[in-house]
Amino acid sequence: MTAEKDLHTLLATMSPELREGEFVYALWPHGKPLAGGIAAAVREAEGLTVVLPRAEADSLGLTYDFIAAWITLQVHSSLEAIGLTAAVSAALTEAKISCNVLAGFHHDHLLVPVADTDRALEVLHELVADHGEHKPAPELVLRSEEPADRPAILALTAAAFAISPVTGVHVDGEPEEVKLLARLFECQEYLPEFSVVAELDGEIVGHTISTRGWVGELELLGLGPIGVVPRLQRHGIGSALMKETIARANAAGERGIALLGSPDYYSRFGFVPSTSLGVDAPDHAWGMHFQLLPLAVWPGGVSGTFRYAGPFG
């Protein structure tokens, strides 16, 4: 296969792929025979730097201070290609993500801080989309859920939560999120306009739901669950669903949206720890993970504990 040199083609066709696990840079002890699953090495005057899985570095007693996710750009880039590294680095720099580049014979590899994995993948997919306009791409359609969509939504949710977001291990049996969602569809607090699907080429690939919640007598929205089919996770679909929900909520005059999730992820949409706005989580153990987004008509002076729709109980 001929290596590609054209920058536009490289950017339009590169497919960012996340390698499983966490990786570290370590200085290999002088004179020690190479061992373990070393993935890359660079010899300098000061010694031999190796890149290897974090678990193996721990087992070998190697020290490190940078823990990275490994992203491979799945396009056969020529070593003589001009501009690919600069374009990728510029996009990640604009998103305030550090990046270490390793060039292989067939592909370029990026090592980014593990905490920035999801955002880095989104940035790279956006870069591909920006340079792939000459190719017809299916349009992501965001619309309100219809009753006929529910079997597909429940199947999507089962796949999306097959790996627990809390424990990171495979769930035995049907995920709790599927049962919860089925109950939310039928509860009094269900709000049809806030059950939103993402559709690609006629296939439902993402879904989020927000139901009525309260702090005292103040009506708010409780968001979740939100799910995306596994093969399209980190492609910006979850972000699109979030932005659509926020736009609908503001248009409807809602006061705010509450959710339980990662502060690193949801802060990009304006969510803050609920306690900073006077609202306590239903479970104090949730801590900073229970967050609120004050909308345009947030009243201020709010105090109390958030109550989700009945099925959450």
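Which residues are buried in H7? In this predicted model, the list runs to Ile237, Gly238, Ser239, Ala240, Leu241, Met242, Thr245, Ile246, Arg248 and Ala249. It takes in nonpolar names such as Leu241 and Met242, but also Arg248. The helix itself has 15 residues, and its first and last C-alpha atoms are 21 Å apart, close to the 21 Å expected at 1.5 Å a residue. Just past the end of H7 comes glycine 253, with a positive phi of about 75°.

Stepping back to the whole chain, the secondary structure adds up to 8 helices and 15 strands. The C-alpha trace spans about 70 × 45 × 40 Å along its principal axes. Of the 313 residues, 43% count as buried. Contacts reach a long way along the sequence: taking those between residues at least 6 apart, 68% join residues at least 24 apart. The exposed surface comes to about 16,000 Å², with carbon and sulfur atoms supplying 54% of it. As for charge, there are 20 positive and 40 negative side chains, yet the centres of the two sets lie just 1 Å apart.

Now for the interior. In soluble globular proteins, nonpolar side chains tend to be buried together. Here the largest nonpolar core holds 37 residues, and the members touching the most others are Met242, Ile257, Tyr266 and Phe271. Two or more residues come from each of helix H5 (150-160), helix H6 (176-186), strand S8 (195-200), strand S9 (203-215), strand S10 (218-228), helix H7 (237-251), strand S11 (256-260) and helix H8 (263-266). H7 is the top contributor, with 5 residues. Phenylalanine 271 shows how this part of the chain is put together: setting aside neighbours within four places in sequence, it contacts Met242, Ile257, Leu259, Tyr266, Gln291, Leu292 and Leu293. Apart from this core lies another one, of 20 residues, including Leu73, Ile97, Ala120 and Leu121.

Ala120 and Leu121 also turn up among the buried residues of H4, along with Thr117, Glu122, Val123, Leu124, His125, Leu127 and Val128. Helix H4 covers residues 117-131 and, like H7, has 15 residues. Its end-to-end C-alpha distance is 22 Å, close to the 21 Å expected at 1.5 Å a residue. An α-helix has 3.6 residues a turn, so residues three or four places apart point the same way. In H4, the buried set includes Thr117, Ala120, Leu124 and Val128.

Back on the side of H7, threonine 208 sits in strand S9. Threonine 208 counts as buried because its relative accessible area is 0%, under the 20% cut-off. Its contacts, not counting residues up to four places away in sequence, are Phe194, Ser195, Val196, Leu223, Pro225, Ile226, Leu241 and Thr245. Two of these, Leu241 and Thr245, are buried residues of H7. Another of these contacts, proline 225, is found in strand S10, and the peptide bond leading into it from glycine 224 is cis, with omega near 0°.

That cis bond is one of a few backbone oddities. Most residues other than glycine have a negative phi, and most peptide bonds are trans. Lysine 96 has a phi near 60°, a positive value in a residue other than glycine. Lysine 96 lies in the loop between helix H3 (84-94) and strand S5 (100-103), and it is exposed because its relative accessible area is 75%, over the 50% cut-off. Arginine 234 is a second case, with a positive phi of about 70° although it is not a glycine. Arginine 234 belongs to the loop between S10 and H7 and is partly exposed, at 36% relative accessible area.

Finally, the early strands. Leucine 27 is found in strand S1 (residues 16-28) and, although a leucine, is exposed, with a relative accessible area of 54%. Even so, leucine 27 touches Gly47, Leu48, Thr49 and Leu62, leaving out residues up to four places away in sequence. From leucine 27 to arginine 54 is 27 residues in sequence and 13 Å in space, C-alpha to C-alpha. Alanine 39 is in the loop between S1 and strand S2 (40-44) and counts as partly exposed, at 36% relative accessibility. Beyond its neighbours within four places in sequence, alanine 39 is in contact with Arg19, Val51, Leu52 and Trp70. Alanine 39 and phenylalanine 23 are 16 residues apart in sequence, with their C-alpha atoms 9.1 Å apart.

Definitions and conventions:
Residues numbered from 1 in each chain as written. Predicted model: local features only at pLDDT ≥ 70, side-chain atom pairs only at ≥ 80, totals over all residues. Heavy atoms only, no water. Helix = DSSP H or I, 4+ residues; strand = E, 2+ residues; numbered from the N terminus. Buried < 20%, exposed > 50% of the residue type's maximum accessible area, 1.4 Å probe, protein only. Contact = heavy atoms within 4.5 Å. Areas by Shrake-Rupley, 256 points an atom, 1.4 Å probe, with all protein chains shown as cover. Lys, Arg positive; Asp, Glu negative; His and termini not counted. Charge placed at Lys NZ, Arg CZ, Asp CG, Glu CD. Core = buried A, V, L, I, M, F, W, Y, C linked by side-chain atoms within 4.5 Å. Expected span 1.5 Å × (residues − 1).
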